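Visitor: I'd like a close look at one thing here: the salt bridges, and what sits at either end of them. Take your time, and carry on into the surroundings if you like.

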Amino acid sequence: HDGRVLATSGRSIDIESAAGPGMTRIGRLPEPPSAGVGYRLQTTAPYRSLVTAVTGRFPAVNVWSVDETTLLASVDRWVFRSSNSGRDWTVVSTLPASSPPMGVLPSAVCVTDDAVYLGEYPLDEDATPRVLVSADRGKTWTTAATIPDVRHIHAVQTDPYTGDIWITTGDRDTDCTIGRLRDGTLEVVGGGSQSWRAVELAFTPAAVLWGVDSVYAERKPIHKLSRAQFDDEHPEPETVHTVSSSVYYAETISVDGELWVLFSTAMEAGADSTGPDTQTVHSDGATVVAASSASGFTDWYELTSYRKRTTPADRWNPRGRVPTANAYVFLESDPTRGVFINPYNTGRDDGTVRPIPPRAFAAHS
C-alpha cells in the first residue's frame with residue numbers, strides 16, 4: 001500500500017515503517033455488534049494467544065490495498081473498509097455464516113480499474129458461494145455471479161495480459177474448476193478432477209500455471225496450460241514440475257527480461273474432509289519454488305522451506321477433536337524490490353516478512 005508492505009497482526013493493521021525496518025500500527029478492526037465470543041477467541045489478545053498455543057497459529061484477518069487511501073479487510077463473516085489508509089473501519093458486507101476465521105482466502109479479492117471482486121469461501125456444504133463486485137471501491141456490493149455445485153471459491157484474479165477475471169474453485173473432483181467470469185456466470189476452462197484443484201494462478205504471456213491443492217495426492221503437479229487451449233473443449237495441461245505438499249499461493253516477477261513464477265506450498269496438519277474415506281496425508285513442508293521463462297518453466301528451484309510449528313494438539317488429540325493449523329508461506333511481489341515471503345505457523349521465522357531481492361533470481365539465470 002503506497003509502496004510499502006501492508007500486514008495484519010490480530011485485528012491490528014500494520015504498514016512498513018517509512019523511517020526504517022519494522023512495521024508501524026495504523027489502525028485496528030472493530031468488533032461488529034453481532035460478533036460473538038468466537039470472534040474474540042480468533043482475533044483478540046489474550047484470548048487468541050490461549051487458543052493458538054494449543055492449535056497453532058491460524059490466519060484470521062486479511063487486508064488488501066484498493067487505491068491510495070482505500071483498504072479492505074475480511075474477518076469471519078465481515079468485510080471491512082477504510083477510506084483513510086487503515087485508521088478507521090466500517091463493515092460494508094456480510095459473508096456466509098460458515099465462513100472461516102479469515103473470511104475468504106487472501107487470493108479471493110481482485111482489484112481492477114473499474115471494480116473490486118471478492119469470492120466467498122463457505123464451509124457449509126449446502127451453501128452456494130458468490131462472486132461479489134463493488135463499483136465504488138468497496139463501499140457497496142452486489143452479486144456478480146453465483147457458482148452452484150462447488151464448495152467454495154479459492155481465487156478471483158485478473159489476467160494481466162487480457163483483463164479477464166479468472167476464478168478457481170474446489171474441493172471434490174466435481175467442485176474443482178478453473179474458469180473465467182463471463183456475463184454473470186463462470187465459463188469453465190477445465191475441471192472435474194483434482195488436476196484442476198487450484199488455489200492461486202500464475203499468468204504468463206503464453207500460458208497460465210497452477211499447482212494442485214490435494215493433500216492426499218502423493219505428488220502434487222504444477223501444471224501449465226497454453227493460452228491456445230483456453231477455448232478447447234478438452235484442454236490438456238502440461239505437467240512441468242511436481243511437489244510433495246499442496247500448492248496454495250502464486251506470484252510472478254520480471255528480472256532482467258525473464259519472467260519468474262513462484263508457488264508456495266502448505267504443510268497441512270491433517271486429512272482432507274472432502275477426500276476419500278481412507279486417505280494418507282502427504283505433506284512435508286511449507287516451501288517456495290520458482291522457475292523462469294528461460295527454461296519454459298521446466299527448471300524449478302527451491303528458494304526456502306519450513307516445517308510446521310509443533311503444538312500440544314499435534315502430540316495428543318484424541319479422535320481429532322481439537323482443530324490444528326497448517327503452516328503457510330504467503331507471497332507478494334514488487335517489480336523493483338523483489339518478492340516478500342511471510343512464513344506463518346512455522347517452526348522458524350514464524351510471522352516474519354522476508355525479502356527476496358531481484359539479484360537472488362538473477363543468480364539462477
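Guide: Let's start with Glu125, which pairs with Arg172 in a salt bridge, the closest N and O atoms being 3.0 Å apart. (A salt bridge here takes a side-chain nitrogen of Lys or Arg within 4 Å of a carboxyl oxygen of Asp or Glu.) The two partners come from distant parts of the chain, 47 residues apart: Glu125 sits in the loop between β9 (116-119) and β10 (130-134), and Arg172 in the loop between β13 (165-170) and β14 (177-182). For the element names, helices are DSSP runs of H or I with at least four residues, strands are runs of E with at least two, and numbering goes from the N terminus.

Before we go on, bear in mind that this is a predicted model: local features need pLDDT of at least 70 and side-chain atom pairs count only at pLDDT 80 or more, while totals for chains, interfaces and linings use all residues. Residues are numbered from 1 along each chain as its sequence is written, and side-chain values use heavy atoms, with hydrogens and water left out.

Now, how exposed are the partners? Glu125 counts as partly exposed at 43% relative accessibility, and Arg172 is partly exposed too, with a relative accessible area of 33%. (Buried means under 20% relative accessible area, exposed over 50%, and partly exposed in between, using a 1.4 Å probe and protein chains only.)

Set that beside Asp159 and Arg227, whose side chains meet in a salt bridge at 2.8 Å, N to O. Asp159 lies in the loop between β12 (152-158) and β13, while Arg227 lies in the loop between β18 (220-226) and β19 (238-243), so this pair ties together parts that are 68 residues apart in sequence. Both Asp159 and Arg227 are buried. Going back to Glu125 and Arg172, they belong to a bigger web: salt bridges with shared partners join them with Arg151, Asp171, Arg197, Asp213 and Asp272 into one network.

Across the whole structure there are 20 salt bridges. One of them brings together the side chains of Asp350 and Arg57, at 2.9 Å, N to O. Here the sequence gap is 293 residues, with Asp350 in the loop between β25 and β26 (354-356) and Arg57 in the loop between α2 (47-55) and β4 (62-65). Asp350 is partly exposed, with a relative accessible area of 27%, and Arg57 is partly exposed at 23%.

Stay with the Asp350 loop for a moment. Asn345 is found in the loop between β25 and β26 as well, and its phi is near 60°, a positive value in a residue other than glycine. Asn345 counts as buried, at 0% relative accessibility. Another non-glycine residue with a positive phi, of about 60°, is Arg137, in the loop between β10 and β11 (142-146).

At the Arg57 end, α2 leads us to the loop between α1 (37-43) and α2, where Pro46 lies. Ala45 and Pro46 are joined by a cis peptide bond, with omega about 0°. Gln42 belongs to helix α1 and counts as buried at 18% relative accessibility. Beyond its neighbours within four places in sequence, Gln42 is in contact (heavy atoms within 4.5 Å) with Arg48, Phe58, Ala60, Asp76 and Pro101.

Finally, follow β25 away from its loop and you reach a nonpolar part. The largest nonpolar core has 26 residues, and Tyr249, Leu262, Ile341 and Phe361 touch the most other members. Elements giving two or more residues to this core are β20 (247-255), β21 (258-265), β22 (286-292), β24 (328-334) and β25 (338-344). (Such a core is a set of buried Ala, Val, Leu, Ile, Met, Phe, Trp, Tyr and Cys residues joined through side-chain atoms within 4.5 Å.) Leaving aside neighbours within four places in sequence, Leu262 is in contact with residues including Tyr249, Val288, Leu331, Val339 and Phe361. As background, nonpolar side chains tend to be buried together in soluble globular proteins, whereas side chains of opposite charge can pair when their charged atoms come close.
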